[in-house]
Amino acid sequence: MSETAVTTSALRTARTEVGPRPGQGDGVGAALVLGAAVVVGVAWGAATSGLQTVLPWPFAGLANAVGPWVAPAFLVGAWSRRPWSAVLAGVLVCFGEVAGYYVTSALRGFGVNPAMVVMWAATGVLGGPVLGAAGWCWRRARSLRTATLGAALLGGVFLAEGVVTYGVYLGYTGDAVVFCVLGAVLVAVLGATASPARAAGARARGVRAAAAWLLLVLPLGAAGEVLLHRAMT
């Protein structure tokens, strides 16, 4: 087979695996989704500052954690028509969260550490694109394998944070249980409702596929939690 034929075949395979399903091109336009990403990010960042002082045990950790911080990036990514806008929207959500959180905290009389602002902005550059793309894949990928990877990524963040940060480092059993339960529910629900699973009426298969991806996602998530903990200490 010629090199040209091989390249053409690969491109066709990529379109089949990752391209939007027919009739699913009606996502939110790029300009609108990017604007919404900023608004959602600022609003959630500001809300996080307030929730840190009102959420009861064992839910207080939800206002001071990575999982709830990157979940809006997943959501906005799922709104996007194209993967590039989902990736960019994920970054904008995280930047908006940093701005909303620290501006609100300053207005409430809390000190702002510039080093922490830089660290969380850098975290957004890394995590925002991944979760934005995960949301896009979950809703729009034609391959069940690709779509359920998106589901596993979001659920895996909660699971890794529950086990590593709250279980191992902090020893907060109640918070660890909350995060692990939420992570497991997200994997199951998002796996069952991934676009190819719904289209084929194969929700149970979608759950199994998302759970299988945890074999890859959880070790990577755990490593990320360890690096984040070291950066903060």
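Two residues are in contact when heavy atoms of each lie within 4.5 Å, and the exercises below apply this to a predicted model.

**Exercise 1.** Find which residues L131 is in contact with, leaving aside its neighbours within four places in sequence.

*Solution.* Once those sequence neighbours are set aside, the residues in contact with L131 are V70, A73, F74, L154 and V157. L131 and F74 also appear together, with W120 and W138, as the residues that have the most contacts inside the largest nonpolar core, a set of 44 residues. Two or more residues of this core come from each of helix 2 (30-51), helix 3 (66-79), helix 4 (83-107), helix 5, helix 6 (144-169), helix 7 (173-193) and helix 9 (203-232). Helix 6, with nine residues, gives the most to this core.

**Exercise 2.** Decide whether R140 is buried or exposed, and find which backbone oxygen its side chain reaches.

*Solution.* Begin with the location, since R140 lies in helix 5, which covers residues 114-140. The relative accessible area of R140 is 2%, and because buried means under 20%, R140 counts as buried. Turning to its side chain, R140 reaches the backbone oxygen of S80 at 2.7 Å.

**Exercise 3.** State how many disulfides the structure holds, and classify C94 and C180 as buried, partly exposed or exposed.

*Solution.* The structure holds zero disulfides. For C94 the relative accessible area is 1%, so C94 is buried. C180, by contrast, has a relative accessible area of 23%, and because partly exposed covers the range between under 20% and over 50%, C180 is partly exposed.

Notes: Residues numbered from 1 in each chain as written. Predicted model: local features only at pLDDT ≥ 70, side-chain atom pairs only at ≥ 80, totals over all residues. Heavy atoms only, no water. Disulfide = S-S within 2.5 Å. Buried < 20%, exposed > 50% of the residue type's maximum accessible area, 1.4 Å probe, protein only. Helix = DSSP H or I, 4+ residues; strand = E, 2+ residues; numbered from the N terminus. Polar contact = N/O pair within 3.5 Å; in protein donor to acceptor, adjacent residues only side chain to side chain. Core = buried A, V, L, I, M, F, W, Y, C linked by side-chain atoms within 4.5 Å.
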